[in-house]
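Me: I'd like to go through this model and ask how each label was earned. Can you show me the structure before we start?

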Amino acid sequence: MIILGINAYHANASAAIVVDGQLIAAAEEERFNRVKYAAGLPVQAIRYCLAEAGVSLAHVDHFAIPRNPWARLGTKLRFAIRMPRFALERARVMAKFSGIKGELAAAFEVDPESIRAPFHRIEHHVAHLASAYFVSPFDRAAVLSVDGLGDFASAMWATGEGSALRPHGATTFPHSLGMYYTALTQYLGFWKFGDEYKVMGLAAYGSPRHLDEFRKIVSANGNMTFRLNLEYFTHQTQGPEMTWRDAGTTPVLGKLFSDYLEKRLGPARSADQPVEQRHYDLAASMQAALEEVLVAHVSELAKRTGEKSLCLAGGVAFNCVANGKMLERTPFQQIYVQPAAGDAGLSVGAAFAIEHGVLGRPRGFVMEHAGWGPGYSEREIARAVEQRVADRDAVQVEELAEDSLVQAAAREIAAGHVLGWYQGRAEWGPRALGNRSIVADPRRAEMKDVLNERIKHREMFRPFAPSILEEATGEYFECTHPSPFMTFAYNVRPEQRSAIPAPTHVDGTARLQTVSRRTNPLYWKLIRAFGDLTGVPVVVNTSFNDNEPIVCRPEEALDCFLRTRMDALVMGNLMLRRKAASWPGDGSAQAPAHRVS
Ligand SMILES: [Fe+2]
């Protein structure tokens with residue numbers, strides 16, 4: 001039984017393939033076409049999934065599409081009359097879906113008649129719920145999806161038991177917790193699609209002194225819905241306007257906040273204005289209100305379902321600070337968030353919704369790691385090195401057995417060097433989790449600036465995250481609940497904050513990845529080797545990229561390595577070290593002064 005899930009014509013386009021109940025591959029289109037949050041039909045992701053499963057389009061038994069034009073039709077029609085332009089845009093997207101079979105056939109240069117499998121439509125939030133519950137380790141759980149908007153709903157709650165997933169209620173347009181966060185993100189001067197996580201980082205620098213005002217903007221109803229005070233927003237009258245740039249591949253969202261919001265909170269920050277204390281405090285208040293609302297909602301969910309385990313999905317499930325608070329302050333004892341909790345995850349969710357919800361087949365898969373993207377053999381890596389690293393006077397290449405490689409890599413990190421770590425299959429979801437990562441020494445407070453200056457070029461308020469040996473979590477953090485996909489932020493123990501200053505955020509928290517020997521053995525070995533050398537089984541882990549989607553192919557990793565000021569790169573069994581005279585950028589023959597050795 002082969003099921004292909006396709007999230008198309010929408011930001012975070014992706015594909016996933018499930019064969020006999022097992023996920024074989026899942027990937028976002030952006031990793032292939034190199035356009036962040038890419039939309040459109042994810043042709044390259046589909047091609048990769050089919051190749052990984054060793055099948056063609058003609059072999060697929062079911063296509064799963066996470067969008068259902070018939071869902072909430074009454075609400076849609078009511079708003080269509082009030083917002084004709086928005087309705088027209090929706091109708092245009094829906095029309096694309098009806099032609100998906102033809103577009104697939106054209107992209108793969110096959111006869112449309114050869115694609116015989118049915119195309120199933122799964123409602124957006126049902127696909128989100130399925131993406132979390134069906135791949136979770138739980139036999140039964142409460143399930144919650146929270147995002148901006150999808151099929152005219154912004155949240156849905158359900159219960160899962162065995163292979164049954166039962167939705168019980170939804171928050172419908174125009175009320176939306178995701179829209180609230182995006183509107184305030186825009187108000188604070190961050191207009192790029194996907195900028196919400198920046199504001200979450202900003203919030204830690206402020207104090208929630210405007211919380212009372214924010215309580216007027218957003219609230220949780222006792223009836224398991226969220227409520228917005230619509231005076232502060234515009235999307236309910238004009239529709240959340242979405243335009244596209246980069247040949248229709250990158251979404252741009254129109255202004256969501258009203259003049260009234262500016263009247264209440266003061267003038268909006270423009271993108272080129274400096275970030276001031278007022279903005280930090282507004283971000284902190286906005287984040288605190290979100291946490292209050294989510295904790296109240298999730299506590300009610302626990303009360304209504306009586307469940308001890310929770311599965312979370314939707315873009316809001318990436319708010320790792322709020323997720324940490326849910327563990328602390330609600331009755332749920334375990335929370336599972338799969339690595340692609342946002343809309344990319346819909347392809348996995350839709351596929352499993354067919355497997356279990358439509359076909360009624362029993363569950364037998366748990367997503368324990370994120371390595372569902374493309375992997376490359378040692379030969380392919382060696383060939384890429386051969387082609388890309390032409391100047392062997394500038395870069396030294398050494399082939400090493402695994403143990404020596406891990407030891408050498410740990411020594412590089414301990415010496416204060418910035419190390420690229422490229423291993424195995426690319427991660428599914430927006431976080432690098434030890435397969436396409438840049439790792440560094442967490443003990444050095446200056447490492448955040450070093451990474452920013454030399455590679456990442458990010459805003460100073462954005463924290464870097466730690467990867468820690470799972471078994472050491474309790475030594476460094478106040479919570480030991482697993483966080484294998486970097487979807488939770490916990491308090492760093494006060495006495496350990498000076499031990500790992502680089503990934504400890506200004507408020508004493510860190511968005512950690514707990515690394516298990518069983519599910520990520522090589523990365524675990526690297527961190528343990530670093531721990532043996534230094535006494536600290538933690539590394540700083542940031543994604544392997546420089547203002548681009550995370551690198552996927554070996555060539556992209558090599559280009560990033562050569563373009564930036566990374567010291568060393570481990571790819572498969574190869575260790576690449578840059579020689580001092582080869583620093584790019586300023587023409588200097590010297591390595592930067594902060595290099596330790
Ligand atoms: Fe969504």
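Reply: Sure. Let's start with a cut-off: buried means under 20% relative accessible area, exposed means over 50%, and partly exposed is what lies in between. Keep in mind that this is a predicted model.

Me: Why is phenylalanine 193 called partly exposed?

Reply: Its relative accessible area is 24%. That value falls between 20% and 50%, so phenylalanine 193 counts as partly exposed.

Me: And what makes tyrosine 37 buried?

Reply: Tyrosine 37 comes in at 18% relative accessibility. The limit for buried is under 20%, so tyrosine 37 makes the cut.

Me: Why is the pair of tyrosine 37 and phenylalanine 193 called edge-to-face?

Reply: Two checks here. The ring centres are 5.4 Å apart, and a pair needs centres within 6.5 Å. The planes sit at 70 degrees, and over 60 counts as edge-to-face, so that's the label. The two rings come from distant parts of the chain, 156 residues apart: tyrosine 37 is in the loop between α1 and α2, phenylalanine 193 in the loop between α7 and α8.

Me: What makes the pair of tryptophan 191 and phenylalanine 257 tilted?

Reply: The centres are 6.2 Å apart, with 50 degrees between the planes. Stacked needs under 30 degrees and edge-to-face over 60, so this pair is tilted. Tryptophan 191 lies in the loop between α7 and α8 and phenylalanine 257 in the loop between β12 and α11, so the pair ties together parts 66 residues apart in sequence. Tryptophan 191 is partly exposed at 35%, while phenylalanine 257 is buried at 2%. Along with Tyr187, they form one aromatic cluster.

Me: How do you know that the charged end of arginine 269 sits over the ring of phenylalanine 190?

Reply: It is 5.0 Å from the ring centre, and the distance cut-off is 6 Å, with a further limit of 35 degrees from the ring normal.

Me: On to the metal. Why is the site of the iron ion called irregular?

Reply: The iron ion has four donor atoms, with angles of 86 to 162 degrees among them. Tetrahedral would need all angles between 85 and 135 degrees, so 162 rules that label out. The donors come from His124, His128, Asp147 and Asp343, at 2.0 to 2.2 Å.

Me: How do you know that histidine 124 and histidine 128 are buried?

Reply: Histidine 124 has a relative accessible area of 0%, and histidine 128 is at 0% too. Both values are under 20%, so both histidines count as buried. They lie in helix α6, four residues apart, about one turn of the helix.

Conventions: Residues are numbered from 1 along each chain as its sequence is written. This is a predicted model: local features need pLDDT of at least 70, side-chain atom pairs count only at pLDDT 80 or more; totals for chains, interfaces and linings use all residues. Side-chain values use heavy atoms; hydrogens and water are left out. Donors are N, O and S atoms within 2.8 Å of the metal (3.2 Å for Na, K and Ca); water is not among the atoms, so sites may look incomplete. Four donors count as tetrahedral if all angles lie between 85 and 135 degrees; four count as square planar and six as octahedral if opposite donors are over 155 degrees apart and all others between 65 and 115; anything else is irregular. Helices (H or I, at least four residues) and strands (E, at least two) are DSSP runs, numbered from the N terminus. Buried means under 20% relative accessible area, exposed over 50%, partly exposed in between (1.4 Å probe, protein chains only). Rings of Phe, Tyr and Trp (its six-membered ring) pair if their centres lie within 6.5 Å; planes under 30 degrees apart count as stacked, over 60 as edge-to-face and the rest as tilted.
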